[in-house]
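Colleague: Before we discuss this model, please put it on screen. I have some questions about how its parts pack.

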Amino acid sequence: MVDFALNEEEELMRKSVRAFLEKEVIPLESEVLRNEREGRPGLPTEDIKALRAKARKSGFWGINTPEEYGGANLGPVMSAIIAAEAGRTFVPFSFGGSADNILYAGNDQQKQQYLIPTIEGERRSCFAITEPGAGSDARSIKTRAVKDGSDWVINGEKIFITGGNEADFVMVFAVTDKEKGADGGVTCFIVDRDMGWTSTPIPTMGQWGPAALSFVDVRVPESNVLGEVGKGFELAMSWIGQGRYMIPARAIGSAERLLDMAIEHSKNRVSMGHPIAEYQAIQWQIADSHVEIESSKLLTLRAAWSVAQGVDARHVSSVAKLHGSIMANNVVDRVLQIHGGMGYTKELPIERWYRELRLLRIFEGTDEIQRRTIARNLIKGHVNSDGFGH
């Protein structure tokens with residue numbers, strides 16, 4: 001028998017996170033909407049720092065960060081559950097105390113200079129592999145790094161880089177051996193902003209504000225190679241693959257909150273003498289949304305569990321990411337429809353969620369790439385049709 005219940009400690013953690021969000025974060029939603037409508041950031045930097053200080057005081061710092069670095073190290077399953085709770089609000093806030101997983105591959109000096117300050121919230125990083133001609137096809141990157149004495153000189157452009165406008169250092173991937181390409185010819189460099197790279201904001205339809213990064217003769221010392229020369233593509237794939245299940249996890253929380261809004265509205269909105277909740281057209285939209293959310297929840301938890309067991313979770317994570325991204329877009333579309341004209345206005349946050357959730361089907365691997373991966377795994381026999389490996 002499979003036991004899906006959380007133990008007492010896990011349930012207490014989940015409830016504590018929800019209580020924190022309801023008390024400290026969700027009340028800021030109206031301010032976030034007002035700021036964004038007036039062209040300002042959703043939350044000022046000082047407000048984000050204050051929230052993180054409260055989160056740290058409450059014990060929610062570094063949820064999946066090893067204890068040796070001051071984190072809680074709750075593991076993949078609890079991290080997914082907490083991500084789902086955090087997804088119940090659109091306030092641009094994260095609990096902090098974490099760093100990109102590939103930074104742990106750094107040497108002792110790099111950990112002191114980059115990893116630990118990032119965990120402590122003193123420095124901000126970004127991950128840069130995507131280029132104008134190399135999105136889903138990461139093997140096609142053209143940014144070059146050429147050895148010059150004891151330094152490397154980087155030239156190229158990166159695009160759609162999350163956190164690129166705010167970061168003070170970047171983990172950038174560049175071709176160091178054109179003949180080998182992704183098979184031993186790509187290297188990851190840690191590059192401080194003051195070494196010369198620049199960023200330009202890219203306006204989007206949602207709150208997400210990515211950046212284009214430009215590298216023109218940026219000189220980087222050999223000591224800033226992350227991992228080994230030529231082993232960058234493996235680092236990139238581990239960054240992309242390890243936390244992919246966290247995307248549908250957050251989507252689950254958003255969809256649950258939206259569904260709650262739809263249920264409440266359908267009971268209060270009267271049309272032709274009856275609450276619209278009594279009409280089958282509305283009931284089916286609510287039922288379909290609930291079924292899809294619950295399906296995504298099981299797929300996502302299975303992916304997180306697979307990571308926790310140390311087994312190859314790439315296939316199940318792709319399944320969870322594909323289903324969760326489509327689910328969230330289906331749910332927000334139904335919720336907007338149930339609210340009618342009011343759902344389309346900026347008076348309610350539904351249109352904001354509508355724009356934000358559309359991104360899920362594009363970033364960290366498009367729907368098409370997930371389908372390609374899933375189909376290829378099945379056709380080549382890497383996994384059986386029951387989803388398990390041989």
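**Domains and helix packing**

Colleague: What distance separates the centres of domain 1 and domain 3, taken over C-alpha atoms?

Modeller: The model is predicted, with local features needing pLDDT of at least 70 and side-chain atom pairs pLDDT 80 or more, while totals for chains, interfaces and linings use all residues. Residues are numbered from 1 along each chain as its sequence is written, and side-chain values use heavy atoms, without hydrogens or water. An automatic or database assignment sets the bounds: domain 1 is 8-98, domain 2 is 124-230 and domain 3 is 244-380. Between the centres of domain 1 and domain 3 the separation is 21 Å.

Colleague: Which three residues of domain 1 supply 34% of the area it buries against domain 3?

Modeller: Contact (heavy atoms within 4.5 Å) takes 19 residues from domain 1 and 21 residues from domain 3. Buried area, the accessible area (1.4 Å probe) that two parts lose on being put together, summed over both, is about 1700 Å² here, with 58% from carbon and sulfur atoms. On the domain 1 side, that 34% share, more than any other three residues give, comes from Pro76, Arg88 and Phe90.

Colleague: How is H4 oriented relative to H8?

Modeller: Helix H4 (residues 75-86) and helix H8 (residues 280-308), DSSP runs of H or I with at least four residues, have axes 7 Å apart at an angle of about 150°. Angles over 145 degrees count as antiparallel in rough terms, so H4 relative to H8 is roughly antiparallel.

Colleague: Which residues of H4 make the contact with H8?

Modeller: H8 contributes Leu301, Ala304, Trp305, Val307 and Ala308. Facing these, H4 contributes Pro76, Val77, Ala80 and Ile81.

Conventions. Axes are lines fitted to C-alpha atoms, for helices over the stretch in contact, and angles run from 0 to 180 degrees between N-to-C directions. Helices (H or I, at least four residues) and strands (E, at least two) are DSSP runs, numbered from the N terminus. Angles under 35 degrees count as roughly parallel, over 145 as roughly antiparallel, 65 to 115 as roughly perpendicular and the rest as oblique.
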